[in-house]
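Subject: Structure for you to look at

Hello,

Here is the structure I said I would pass on. Please open it alongside this message, as my notes on it follow below.

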Amino acid sequence: MAKASTVKENRFTKRREPFNFMLCLGLGGSMLLFTILLGVYVMRKSVGVHWTDVPLPSLFWVSTCVIIASSFTLHGANLALQKDQFPKFRSFIGTTLGLGILFVVLQFLGWTQLIQAGISTVNNPSVGFIYLLSGIHILHILIGVAVLAWAVYQSIKNHSYVDAFVFSVNPPNQLKIKLITIYWHFVDVLWLYVFGFLLYHHGW
């Protein structure tokens with residue numbers, strides 16, 4: 001009997017999930033935006049006019065630990081959902097949302113530390129870049145907080161085992177949780193990228 005022929009799938013012509021593709025484009029655009037801003041930062045600093053490096057707010061360190069922890073809790077939520085452990089999923093996803101909100105609060109309090117220390121953007125563009133970079137990142141986090149809030153609402157709404165099971169095996173819902181996870185891990189890594197850059201230029 002003749003061996004059945006196999007056609008190798010072309011990864012360039014393979015049909016992609018549109019929402020996943022759109023998310024990847026959005027994340028790529030965000031990465032490009034921050035890369036451009038950091039490049040402008042380096043060029044502006046090289047000019048040196050009215051530029052003074054200032055120490056970063058200590059609360060930025062705390063917020064960094066919070067955002068890292070949120071990635072672990074979101075990972076735990078995904079594992080719990082895969083294992084049909086719905087109470088754990090509800091707990092982990094709720095904790096992730098709480099940590100995301102806490103991160104935003106700590107960032108604003110970090111800005112308050114700069115203001116209370118008498119550090120302003122007047123005649124010192126380096127401070128303006130701190131506000132700009134962390135502020136744009138906060139906008140990304142707020143988007144993540146919004147979609148996490150949807151996931152928490154769904155976990156509460158589908159409280160019974162049957163409803164939770166139906167929710168978890170529904171392909172559109174699985175896709176949504178997957179996209180939320182990708183996005184949240186991205187904004188976590190993005191903050192580490194920005195924070196590391198600022199640390200390098202402003203000192204520990």
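A residue is called buried when its relative accessible area is under 20%, exposed when that value is over 50%, and partly exposed in between. By that rule, 43% of the 204 residues in the protein are buried. Please keep in mind that this is a predicted model.

Overall layout

The protein has 6 helices and 0 strands. Read from the N terminus, the order of elements is α-α-α-α-α-α. Among contacts with a separation of 6 or more, 84% join residues that are 24 or more positions apart. The accessible surface comes to about 11,700 Å², and carbon and sulfur atoms account for 70% of that area.

The core

Which residues touch the most other members of the largest nonpolar core? They are Ile-93, Ile-141 and Trp-184, in a core of 55 residues. Two or more residues come from each of H1, H2, H3 (86–116), H4 (125–157) and H6 (171–202). H6 is the element that gives the most, with 14 residues.

Ile-141 is a good place to start looking. Leaving out residues up to four places away in sequence, Ile-141 touches Ile-67, Gly-100, Phe-103, Val-104, Trp-184 and Val-187.

Leu-198 is found in H6. Its relative accessible area is 0%, so Leu-198 counts as buried. Leu-198 and Ser-126 are 72 residues apart in sequence, while their C-alpha atoms are 9.8 Å apart in space.

Helix H1 and the loop after it

Ser-30 lies in helix H1, which covers residues 18–47. With a relative accessibility of 13%, Ser-30 is under the 20% cut-off and therefore counts as buried. Apart from residues up to four places away in sequence, Ser-30 touches His-140 and Phe-186.

Trp-51 sits in the loop between H1 and H2. Is Trp-51 buried or exposed? Trp-51 is buried, because its relative accessible area is 12% and the cut-off is 20%. Trp-51 and Ser-126 are 75 residues apart in sequence, yet 6.1 Å apart in space from C-alpha to C-alpha. Setting aside neighbours within four places in sequence, the contacts of Trp-51 are Tyr-41, Arg-44, Lys-45, Asn-124, Pro-125, Ser-126 and Phe-129.

Lys-45, one of those contacts, also takes part in a salt bridge. Side chains of opposite charge can pair when their charged atoms come close. Here the side chains of Lys-45 and Asp-53 meet, with 3.0 Å from N to O. The structure holds 1 salt bridge. Lys-45 has a relative accessibility of 23%, so Lys-45 counts as partly exposed. Asp-53 is also partly exposed, at 32%.

Helix H2 and the residue that follows

Why does the length of H2 agree with what is expected of a helix? H2 has 25 residues (58–82) and should span 36 Å at 1.5 Å a residue; the C-alpha atoms at its ends are 38 Å apart, which agrees.

Cys-65 is found in H2. At 53% relative accessibility, Cys-65 is over the 50% limit and so counts as exposed. Cys-65 and Phe-103 are 38 residues apart in sequence and 9.0 Å apart in space, again from C-alpha to C-alpha.

H2 is followed by Asp-84, which is found in the loop between H2 and H3. Most residues other than glycine have a negative phi. The phi of Asp-84 is positive, near 60°. Asp-84 is partly exposed, with a relative accessible area of 30%.

A patch on the surface

Which residues make the nonpolar surface patch of about 470 Å²? They are Tyr-161, Val-162, Phe-165, Val-166 and Val-169. Val-166 is found in helix H5, residues 161–169. Its relative accessibility is 47%, so Val-166 counts as partly exposed.

If you want an order for viewing, I suggest Ile-141 and its contacts, then Trp-51 in its loop, then the salt bridge between Asp-53 and Lys-45, and last the patch that includes Val-166.

Regards

Definitions and conventions. Residues numbered from 1 in each chain as written. Predicted model: local features only at pLDDT ≥ 70, side-chain atom pairs only at ≥ 80, totals over all residues. Heavy atoms only, no water. Helix = DSSP H or I, 4+ residues; strand = E, 2+ residues; numbered from the N terminus. Expected span 1.5 Å × (residues − 1). Buried < 20%, exposed > 50% of the residue type's maximum accessible area, 1.4 Å probe, protein only. Contact = heavy atoms within 4.5 Å. Patch = residues over 30% accessible without salt bridge, like charges linked within 9 Å, V, L, I, M, F, W, Y side chains within 5 Å. Areas by Shrake-Rupley, 256 points an atom, 1.4 Å probe, with all protein chains shown as cover. Salt bridge = Lys/Arg side-chain N within 4 Å of Asp/Glu carboxyl O. Core = buried A, V, L, I, M, F, W, Y, C linked by side-chain atoms within 4.5 Å.
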